[in-house]
Amino acid sequence: MDSVVVTGVGAVTPLGVGARTLSERWSAGVCGIRDGEGACVDFDPGDFLSVKEARRADRFTQLAIAACGEALEDASWGDELPYDPRRVGCVLGTGIGGIATLVNAQDTLRERGPELVSPLAVPLMMSNAGAAAISMRHGLRGPSYSVSTACASGAHALGSGLRMLQTGEADAVIAGGSEAGLAPLARAAFVALDALSSSGISRPFDARRDGFVMGEGAAVLVLERRGPAEERGARVLGTIRGYGSTSDAYHVTAPREDGQGQADAMTAALSDAGLAADDVDYVNAHGTATPLNDRAETQAIKLALGERAHQIPVSSLKSAIGHLLGAAGAVEAVATLLALRDRIAPPTLGFSEREEDLDLDYVGGGARPLQVAEGRKALALSNSFGFGGHNAVLCLEAA
Amino acid sequence: MSTAVTEDQIEKVVVDSLESFGADPDDISRDATLEQLDIDSLDLAELSQIVQERFDVELKGSDVADVKTVDDAIKLIAASV
């Protein structure tokens, strides 16, 4: 089967606008978290959207549209699609959808009455609004939909896009994730779950970690089959070699302590790629900085990779941008692909104090060169795990 | 409601609304069609709410559906106040 390659990437994150900006700043150890949250302060919707488009889109859709524009340009897709529009799909993950719109509509209902609730409330807050906006803006007429598996949404969207190409349902897929959940309501709800960091510092895998820091942003990737992509002269950034998806079937918020469900997803991704633990050069961890996740994930990595787990670097982008929830898996896939291209393991910012049993190489200090066997392409697993026990793992390879 | 509402007042509310919906101010005139201004059914639903709040008139959906130009919108509202 023709492999599925990534020909373009785009991202808007707390580290700035642009996928390369994300990659360069993370590798340089820059932290995009301010005052305990990862906001996209550099993002101005007016740079990407007309007045009409902007007011027809919740922030999570605005972020997705901007990331998509960058990805399509990066893939050298002009105004004319390189494929039959009916054969181009779009899958976008979001955990929450348009929560700011929902809150505003609720305020209007309470303060001004039901007859003044905006007719735009539903089209803005629905979780498929991002996929719909991208489909309309670029004339994509193949399958388009959203996937929602909390913090695994972005990775599940990419996995769905991969399968769409492998089954022949589409010839190209725009896939990614987007989230804009910095509303006080979401914060309060996560605080009530005791999931958020009280220090406001995202310290994955560190003994001092005290929960995740909320972030917002989006990432979009252009997926095509290698043959047609090369035929049209596309530059290939990397390959999605495999995808594994499992469920813990255990608890609505807590991961299985033994990490088995997560490990099974990692094993499934490797198996899907026809590869083994020894082929993995780097793990881009889910690494949320919650006490439970990082312990369970460490267990999972050891279960899935055995001895190899102790030989390779494992790092978390969430140390630099916080947890982008439904966008995280897509943003991390972009960051991982660019790190593989550069053959580096970017750092887990601020990691310095070890906790018992959390004994992997979490790349504290700074970015390091990846050790890749002679003649091979750098390969990574990118982990995403969501509330509800949804596990999605991507196996990514440098071009 | 009040007969004190003038067509000029209505026109101002309509024009301001259309501008806020994203229509190019240079293109807005009484004769301009909603299609030219890229104003669709969702915009008209919003305009109906604004008019209801401002002038306390309820526009009927079937009447709004017949609105083709800026002038049509202003006249429909003027006839309803």
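## Secondary structure and overall form

Chain A holds 13 helices and 13 strands. The model is predicted. Along the principal axes, the C-alpha atoms of chain A fill a box of roughly 60 × 50 × 40 Å.

The radius of gyration of chain A is 20 Å. A compact globule of 399 residues would come out near 21 Å, so the value for chain A agrees with that form.

## Burial, contacts and surface

Of the 399 residues in chain A, 59% are buried. Contacts also reach across the sequence. Take the contacts in chain A between residues at least 6 apart in sequence: 80% of them join residues at least 24 apart.

The exposed area of chain A is about 14400 Å². Carbon and sulfur atoms supply 50% of that area.

## Charge

Chain A carries 34 positive side chains and 49 negative ones. How far apart do the centres of the two sets lie? The distance is 3 Å.

## Aromatic pairs

Over all chains, the count of aromatic pairs is six. One of them joins A:F43 and A:F48, with ring centres 5.6 Å apart. The planes of these two rings meet at 20°, so the pair is stacked. Stacking requires planes under 30 degrees apart. A:F43 is buried, at 6% relative accessibility. A:F48 has a relative accessible area of 28%, so A:F48 counts as partly exposed.

A:W77 and A:Y83 make a tilted pair. Their ring centres lie 6.2 Å apart, and their planes are at 55°. That angle falls between the stacked limit of 30 degrees and the edge-to-face limit of 60, which is why the pair is called tilted. A:W77 is buried at 7% relative accessibility. A:Y83 is buried too, with a relative accessible area of 12%.

Three phenylalanines, A:F190, A:F212 and A:F387, form one aromatic cluster.

## A lysine facing chain B

A:K52 sits in helix α2 of chain A, which covers residues 51-55. Is A:K52 buried or exposed? A:K52 is buried, because its relative accessible area is 11% and the cut-off for burial is under 20%.

Which residues does A:K52 touch, not counting those up to four places away in sequence? The contacts are B:F21, B:G22, B:D38, B:I39, B:D40 and B:D43. Aspartates among them include B:D38, B:D40 and B:D43. So this buried lysine of helix α2 has contacts in chain B.

Methods. Residues are numbered from 1 along each chain as its sequence is written. Chains are lettered from A and ligands numbered from 1 in the order in which they are written. This is a predicted model: local features need pLDDT of at least 70, side-chain atom pairs count only at pLDDT 80 or more; totals for chains, interfaces and linings use all residues. Side-chain values use heavy atoms; hydrogens and water are left out. Helices (H or I, at least four residues) and strands (E, at least two) are DSSP runs, numbered from the N terminus. The radius of gyration is taken over C-alpha atoms; the globule rule is 2.2 Å times the number of residues to the power 0.38. Buried means under 20% relative accessible area, exposed over 50%, partly exposed in between (1.4 Å probe, protein chains only). Contact means heavy atoms within 4.5 Å. Accessible areas come from the Shrake-Rupley method with a 1.4 Å probe; for residues, only the protein chains shown count as cover. Lys and Arg count as positive and Asp and Glu as negative; His and the chain ends are not counted. The place of a charge is taken as NZ of Lys, CZ of Arg, CG of Asp or CD of Glu. Rings of Phe, Tyr and Trp (its six-membered ring) pair if their centres lie within 6.5 Å; planes under 30 degrees apart count as stacked, over 60 as edge-to-face and the rest as tilted.
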